[in-house]
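Student: I'm new to this structure and don't know where to start looking. Please pick one part, zoom in on it, and then take me outward from there.

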Amino acid sequence: ELRVGDSAPRRIAANTRRPGILKLHGYPRMLQHKMFHHLTLEIYDDGGFVANSCVLHRVVMDKESDGEVRRTKVRQRKGPGHPGLAALAGGSLNTAASNASGGPTFVATFGPFDQGVTLTPRCERWRGGAAEPLSYRVRLVASDGPDTGKISKLIVGAALVTLAPVVSEMTLAYYGVGMALSVLAVAILIIYRVARALPGGRAIKAGAGASAAVAALVVPSEHLSAVVEGYVHLCLKPVSLVARAVYEQNPDEAGLPYALAATIVMLAGAAIGLWVVRRWMIDEVTGGVAPSVAGFACVAMRVVGVVLLQFCTLDLLSGFALVGASLAVTATDVARSWPGATRRSSSSSSSVRAGWTRG
């Protein structure tokens with residue numbers, strides 16, 4: 001039994017055939033202010049956990065199949081006390097020496113209100129099929145405070161759900177997004193053409209492109225803000241360099257030709273984006289956003305907002321509650337904008353005015 005707030009890790013002495021059973025108890029559900037926290041299970045290897053390639057599995061009792069037990073693999077990450085990470089940092093490969101530094105060997109993340117979660121290690125390496133001794137310590141630790149990434153998802157998701165009808169009608173938002181995406185597309189096209197002109201086989205280029213695509217897909221969500229900030233900084237760097245050269249009247253500024261070329265590329269990309277938005281998204285008669293484009297953008301923004309609200313917490317029920325609230329807001333907004341509701345409200349207001357006139 002592992003509970004939040006245990007002061008010292010609990011030691012477990014077992015073997016690879018019977019590695020032990022862990023049962024986690026998180027916060028009670030009445031503490032809803034812990035919704036954006038998380039729990040971390042720390043595993044300290046005292047011998048045999050790393051050597052026998054032990055991996056945590058969640059144990060679930062299947063009631064529909066006469067009490068059959070199902071095991072699902074739990075995503076565990078290497079902690080600072082893992083011998084592999086210690087060796088990369090210039091430390092020792094000894095597990096005991098790594099644990100002596102104070103860091104856990106493995107860590108796994110769970111929701112704040114997880115109650116009765118049953119875990120057991122499953123060791124893959126059995127030396128000759130015999131049970132090997134296994135000794136490790138475990139501790140359930142709560143986060144120091146709410147996760148900033150989850151709070152950001154909550155704020156952005158709620159803003160997308162509530163402000164989608166307003167933002168989808170703003171032409172300035174379409175111009176800004178269109179120019180930014182167009183600049184990125186032009187830069188990617190130029191990089192592609194330059195890469196094709198460079199010497200090297202197709203296999204090397206294809207491998208580099210595949211590696212870049214995989215790296216872009218596996219970027220953690222908490223690092224996406226850093227990616228956006230890097231993109232903005234990369235776009236503003238040549239412009240700032242050109243502006244500094246003009247202000248200081250220094251045409252011999254180092255890197256000025258490259259900065260001028262990058263500025264021209266950015267302006268060309270922004271012009272293309274501006275033309276695309278005016279050609280395909282802006283109504284020529286009214287000068288506003290086309291109704292079909294605004295409707296699609298509103299739906300897309302709300303879908304993204306609902307997804308962010310679902311994943312802004314590790315607790316499944318809390319995520320469902322937030323999604324239900326967002327769907328209720330969407331349904332209310334749709335009901336207000338429904339043509340029948342508009343006609344009923346106008347007729348009721350006219351009848352009220354007629355009554356006041358007769359009075």
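Tutor: Let's start with rings. Two rings of Phe, Tyr or Trp (its six-membered ring) count as a pair if their centres lie within 6.5 Å; planes under 30 degrees apart make the pair stacked, over 60 edge-to-face, and anything else tilted. Keep in mind that this is a predicted model.

By that rule there are two aromatic pairs here. One is made by Phe 49 and Phe 106, whose ring centres sit 5.7 Å apart with 45 degrees between the planes, making it a tilted pair. Look at where the partners come from: Phe 49 is in the loop between β4 (39-47) and β5, while Phe 106 belongs to strand β8, so this pair ties together parts that are 57 residues apart in sequence.

Are these two rings buried or exposed? Phe 49 has a relative accessible area of 0%, so it is buried. Phe 106, at 9%, counts as buried too, because the cut-off for buried is under 20%.

Now turn to Phe 49 and Tyr 136, which pair edge-to-face, with 5.3 Å from centre to centre and 70 degrees between the planes. This pair also links distant parts of the chain: Phe 49 in the loop between β4 and β5, and Tyr 136 in strand β10 (residues 133-142), 87 residues away. Tyr 136 is buried, just as Phe 49 is. Put the pairs together and you get one aromatic cluster of Phe 49, Phe 106 and Tyr 136.

What about the strands around these rings? Strands of a sheet pair through backbone hydrogen bonds, and they can do so parallel or antiparallel. Here an open sheet of five strands runs in the order β2-β10-β4-β8-β7, with antiparallel pairing. At its edges are β2 (10-15) and β7 (77-78), each with a partner on one side only. If you follow the sheet out to β7, you'll find two bridges joining β7 to β8 (residues 106-110), the two strands running antiparallel. Arg 77 stands opposite Val 107 of β8 there.

Let's go back to the loop that carries Phe 49, between β4 and β5. Ser 53 has its place in the loop between β4 and β5 as well. Its backbone is worth a glance: phi of Ser 53 is near 50 degrees, a positive value in a residue that isn't glycine. With 24% relative accessibility, Ser 53 counts as partly exposed.

Step on along the chain and you reach a disulfide. Such a link is a covalent bond between the sulfur atoms of two cysteines. How many does this structure hold? Just one. It joins Cys 54 to Cys 123, with the sulfur atoms 2.0 Å apart. The torsion about their S-S bond is about 95 degrees, so the disulfide is right-handed. Cys 54 lies in strand β5 (residues 54-62) and Cys 123 in strand β9 (residues 115-123), so the link spans 69 residues and connects distant parts of the chain. Both ends are tucked away: Cys 54 is buried at 2% relative accessibility, and Cys 123 is buried at 6%.

Other cysteines are worth a look. Cys 298 is buried, with a relative accessible area of 13%, and Cys 312 is buried at 0%. Cys 298 sits among the buried residues of helix α8, including Val 293, Ala 297 and Leu 309. That helix (residues 291-310) has 20 residues and reaches 29 Å from its first C-alpha to its last, close to the expected 28 Å.

For another link between distant parts, try Gly 178 in helix α4 (residues 171-197). Gly 178 is buried, at 18% relative accessible area. Neighbours within four places in sequence aside, Gly 178 is in contact with Gly 273 and Val 277. From Gly 178 to Arg 278 the C-alpha distance is 9.9 Å, although 100 residues separate them in sequence. In addition, Arg 279 lies over the face of Trp 280, 4.5 Å from the ring centre.

Finally, zoom all the way out. The protein has 10 helices and 10 strands, and 31% of its 359 residues are buried. Of the contacts between residues at least 6 apart in sequence, 73% join residues at least 24 apart. The aromatic pair of Phe 49 and Tyr 136, 87 residues apart, gives you one example of a long-range link to keep in view.

Definitions and conventions
Residues are numbered from 1 along each chain as its sequence is written. This is a predicted model: local features need pLDDT of at least 70, side-chain atom pairs count only at pLDDT 80 or more; totals for chains, interfaces and linings use all residues. Side-chain values use heavy atoms; hydrogens and water are left out. A disulfide is a pair of cysteine sulfur atoms within 2.5 Å. Helices (H or I, at least four residues) and strands (E, at least two) are DSSP runs, numbered from the N terminus. Buried means under 20% relative accessible area, exposed over 50%, partly exposed in between (1.4 Å probe, protein chains only). Two strands pair if DSSP finds at least two bridges between them. A charge sits over a ring if NZ of Lys or CZ of Arg is within 6 Å of the ring centre and within 35 degrees of the ring normal. Contact means heavy atoms within 4.5 Å. The expected span of a helix is 1.5 Å times one less than its number of residues.
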